[in-house]
Structures are given as C-alpha cells and as structure tokens.
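Here is a short, friendly briefing to read alongside the structure. It looks at one helix, the ligand shell and an annotated span.

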Amino acid sequence: MQLLDGKFASEKIKEEIAVEAAEFLESTGRQPHLMAILVGNDGGSETYVASKMKNCAKVGFKSSLVHFDNTVTEAELLAKVEEINQDESIDGLIVQLPLPAHIDPEKVTAAIDYRKDVDGFHPVNLGRMMRNLPCFIPATPYGILLLLQAYGIDTAGKHCVVVGRSNIVGSPMSILMARNANPGNCTVTLTHSKTTNLKEIALQGDIIIAAIGRKNFVTADMVKPGAIIIDVGINRETSETTKSGFKLFGDVDFENVAPKASWITPVPGGVGLMTIVGLLKNTLASARKEIY
Ligand code: GUN
C-alpha cells in the first residue's frame with residue numbers, strides 16, 4: 001500500500017501557485033482576490049472557511065470574508081452577491097454551504113456570476129464541465145484529479161466506483177472520471193444510499209471514491225485487492241483527547257482497507273487539503289482570465 005499524501009501534494013502545488021501569484025502581482029499590481037460569504041455559526045463551515053482564508057494568505061492571494069448572522073434574509077444575501085459580482089477587484093466568490101433552511105442554495109448559487117464561481121457550482125460551469133469545455137471545476141473533485149495527477153496514476157480504462165451523489169462531490173466526480181481526459185477515461189458507476197448490491201459493485205472497482213458522509217462506510221470486504229481508494233469523508237466527532245475538541249474520520253475504514261489497497265488517501269491529510277488547492281487554482285485562473 002502506498003499513501004496518496006495530500007499534505008505533500010498540496011504543499012508542492014501551493015508553492016507553484018505562490019510563484020504564479022507573485023508573477024500576477026508583478027504584472028498587474030494586485031493580488032488574486034477571493035471573497036467568501038459565511039452564514040451562521042456551523043462549526044465545520046467556520047473551520048473550512050478559516051482554512052481557505054489562511055491558505056490564500058500563504059500563496060499571496062488577498063481574501064475577504066463576509067460573515068452574516070443566521071437571521072440574514074435571502075434577499076439580503078442575494079443583494080450582497082450582486083454587489084460582489086459588480087466589484088472588479090474580486091476574482092472569486094464562494095458562498096459556504098450549507099445555508100440556513102430559509103435560504104434556497106440553488107437561488108444563491110445561480111446568482112453568482114459564473115465567471116467568479118470558483119466553487120464551480122453554477123449551472124453554466126456544470127454544463128460546460130459535462131461537455132469537457134474550459135470551466136471552473138468544483139474544488140474537491142478538482143483536488144482529487146490533481147492528487148491522482150501528482151502521483152502519476154493512470155486511470156484510463158479503469159472501473160471507478162463513486163459512492164455518494166452529492167452536488168458538491170459525487171455527481172461532478174462521476175462526470176469527471178468518465179470524461180475523455182487525463183485523469184479520466186474511466187468506466188464509472190455512481191452509487192448512493194439507495195443502491196442495492198453496493199458491496200458487489202464496490203468489489204468491482206479499480207478505483208473507489210467514497211463521498212457519502214458516513215464514518216467507516218467502506219469496509220475491507222467491499223474492496224478488491226489492489227484497488228485505489230480515495231476517501232472524501234470528513235466526519236467530525238467530538239473528542240476529549242484532541243486539542244480542537246474534534247476528531248476526523250473518513251468514509252473508509254482505513255485500518256482494515258489500507259492493507260488491501262494499492263493507493264489510499266488518509267483522513268486527515270488527504271483530499272481535504274487538495275480541496276483548498278482546487279479552490280486556489282480556480283481563483284488564480286479567474287484572476288488571469290484564463291477561462292472566461
Ligand atoms: N461545503 C462543503 N464543501 C464546500 C465547498 O467546496 N464549497 C462551499 N462553498 N461550501 C462547501
């Protein structure tokens with residue numbers, strides 16, 4: 001078993017991004033600028049956004065945060081999005097999900113100018129991704145592609161079993177792995193919570209991408225010897241033994257699956273760190289107007 005080390009790969013790519021950000025500053029007199037909108041006080045979301053901001057600073061990007069109270073109305077949020085759309089000093093805008101129940105995430109996502117949609121959630125970007133056209137790819141799937149690329153893993157012709165059909169990870173990942181691209185060119189099966197025979201299907205996977213949000217969902221008896229295992233799960237449990245008060249668990253039973261795998265991502269230290277790299281690369285591409 002070999003580790004797909006998200007820390008190693010993300011640090012290396014961030015060094016490259018930092019060089020390119022410095023060149024951008026040199027030639028334009030400004031830094032790439034990412035704006036994040038956070039609503040409410042979800043612990044996970046606050047941590048993720050703080051990490052995105054910190055990593056922007058690390059690579060020489062400017063970042064700004066608008067933090068709304070849980071009581072913000074949908075109209076107020078949409079007005080803020082529109083204001084940012086018009087602001088030429090901002091290259092990328094993300095609205096951290098989930099949003100409170102009284103706000104429709106589809107409306108908010110569609111309101112973001114697709115040319116600033118560095119999360120790649122806007123219907124225009126999703127549609128262009130389906131057609132293999134230049135677009136912003138959602139950050140987590142993008143990070144997974146970058147991780148596979150960093151380790152030179154050839155995915156062509158392999159059977160990729162994606163577990164989970166979320167808008168953020170599973171659905172776009174299934175499209176990306178099937179595209180005529182590298183990484184890609186897989187035969188893809190998209191499985192989810194209603195799939196019958198999930199174990200039998202998973203056992204056929206040369207690659208398993210687990211993004212279902214359940215601790216230890218993928219067990220050793222579901223894994224073909226030599227499979228490549230990508231664990232997207234970030235399941236937080238309170239813990240008295242860690243400084244943060246939380247412990248993270250993936251969707252894969254790492255201890256028992258790892259000995260059967262050819263490659264596997266750890267949690268933490270795997271896909272989570274690559275997600276940020278995907279976001280940074282999209283923000284740089286937006287600043288340089290490489291896509292639109
Ligand atoms: N919530 C969980 N993952 C993400 C992400 O990649 N982007 C945003 N905006 N919200 C999320």
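**A well-covered helix and the ligand shell**

Helix α6 is mostly covered, with 10 of its 12 residues buried. Please keep in mind that this is a predicted model. The helix also contributes to the shell around the ligand, as one of the elements that give two or more residues to it.

**Helix α6**

- The buried residues of α6 are A139, T140, P141, Y142, G143, I144, L145, L146, L147 and L148.
- These buried residues pack against three helices, α1 (6-28), α7 (170-178) and α10 (271-287), and against the strands β7 (207-210) and β8 (228-231).
- From first C-alpha to last, the 12 residues of α6 reach 16 Å, close to the 16 Å expected at 1.5 Å a residue.
- After α6 comes G152, which has a positive phi, near 60°.

**Around the ligand**

- The ligand is surrounded by I94, V95, Q96, L97, D119, A139, T140, I168 and T275.
- Two elements, β4 (92-95) and α6 (139-150), each give two or more residues to this shell.
- By character, the shell residues comprise five nonpolar, three polar and one charged.
- Domain 1 (31-122) and domain 2 (139-274) each supply at least three residues of the shell.
- A139 and T140 belong to the ligand shell and are also among the buried residues of α6.

**Annotated span**

- An unreviewed UniProt entry places the feature "domain: Tetrahydrofolate dehydrogenase/cyclohydrolase catalytic" at residues 4-119.
- Residues 4-119 are 52% helix and 16% strand, and the end C-alpha atoms of this span lie 23 Å apart.

Definitions and conventions:
Residues numbered from 1 in each chain as written. Predicted model: local features only at pLDDT ≥ 70, side-chain atom pairs only at ≥ 80, totals over all residues. Near = placed C-beta within 6 Å. Helix = DSSP H or I, 4+ residues; strand = E, 2+ residues; numbered from the N terminus. Nonpolar A, V, L, I, M, F, W, Y, C, P; charged D, E, K, R; others polar. Domains from an automatic or database assignment. Expected span 1.5 Å × (residues − 1). Buried ≥ 20, exposed ≤ 12 C-beta atoms within 10 Å, placed from the backbone. Contact = placed C-beta atoms within 7 Å. UniProt positions renumbered as here; feature names shortened; annotations may be inferred.
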